[in-house]
Amino acid sequence: MTASDKFRLLPWSGPEGKPCYLSTDDRGGYMSRLADNIEAVQLGTAAELLEQAAQTLDDEDAGREDVRQLAQELTGALRDVLRVATSRGHLLAVNEPPSL
């Protein structure tokens, strides 16, 4: 088993940008709830940025610096959303019933 098979990937990085994992069977525990809440905030931020991106790209007066900053923010949001998707995908795989 690898770390991703039995540990939950948390929505933040540790020292030097390394992934953090949680080892617990208590999905209602403090750290699990904290991770769930942070993931919800990250997904909400990504949704807001998506709306902002549509508005910025529709704005013919948007400057190069506006688009550059938007791209940087979208890159961070995409990184967060990918981490959430990876974590949740691993949780689904671990909790899937065995195939018959």
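Arg 88 is where I will start: its relative accessibility is 37%, so Arg 88 counts as partly exposed. Keep in mind throughout that this is a predicted model.

What does Arg 88 pair with? The side chain of Arg 88 meets that of Glu 39 in a salt bridge, with 3.2 Å from N to O. Glu 39 sits in helix H2 and Arg 88 in helix H3, which spans residues 64–95, so this pair ties together parts that are 49 residues apart in sequence. The two partners do not have equal access to the surface. Glu 39 has 2% relative accessibility and therefore counts as buried, while Arg 88, at 37%, is partly exposed.

Glu 39 has a second partner. Glu 39 also forms a salt bridge with Arg 8, and there the closest N and O atoms are 3.2 Å apart. Arg 8 belongs to strand E1, residues 8–13, and Glu 39 to helix H2, residues 30–58, so this pair ties together parts that are 31 residues apart in sequence. Buried or exposed? Both Glu 39 and Arg 8 are buried.

Which residues make up the network of salt bridges? Asp 36 joins Arg 8, Glu 39 and Arg 88 in it.

Now the count for the model: four salt bridges. One of them is between the side chains of Lys 18 and Glu 16, at 3.9 Å from N to O. Lys 18 and Glu 16 are both exposed, whereas Glu 39 and Arg 8 are both buried.

Next, the nonpolar side. The largest nonpolar core consists of five residues, namely Ala 46, Leu 49, Ala 53, Leu 70 and Ala 77. H2 and H3 are the elements that each give two or more residues to this core. H2 gives the most, with three residues.

Take Leu 70 from that core. Which residues does Leu 70 contact, once its neighbours within four places in sequence are left aside? The answer is Leu 49, Gln 52, Ala 53 and Thr 56. Leu 49 and Ala 53 are also listed in the largest nonpolar core.

Last, confidence. The protein chain averages a pLDDT of 86, and 85% of the residues score at least 70. Among the elements of the chain, H2 has the highest mean pLDDT, at 94. Helix H1, residues 3–6, has the lowest, at 54. Where pLDDT is low, the predicted coordinates should not be read in detail.

To go back to the start: Glu 39, in helix H2, is bridged to Arg 88 and to Arg 8.

How values were computed. Residues numbered from 1 in each chain as written. Predicted model: local features only at pLDDT ≥ 70, side-chain atom pairs only at ≥ 80, totals over all residues. Heavy atoms only, no water. Helix = DSSP H or I, 4+ residues; strand = E, 2+ residues; numbered from the N terminus. Buried < 20%, exposed > 50% of the residue type's maximum accessible area, 1.4 Å probe, protein only. Core = buried A, V, L, I, M, F, W, Y, C linked by side-chain atoms within 4.5 Å. Contact = heavy atoms within 4.5 Å. pLDDT = per-residue confidence, 0-100.
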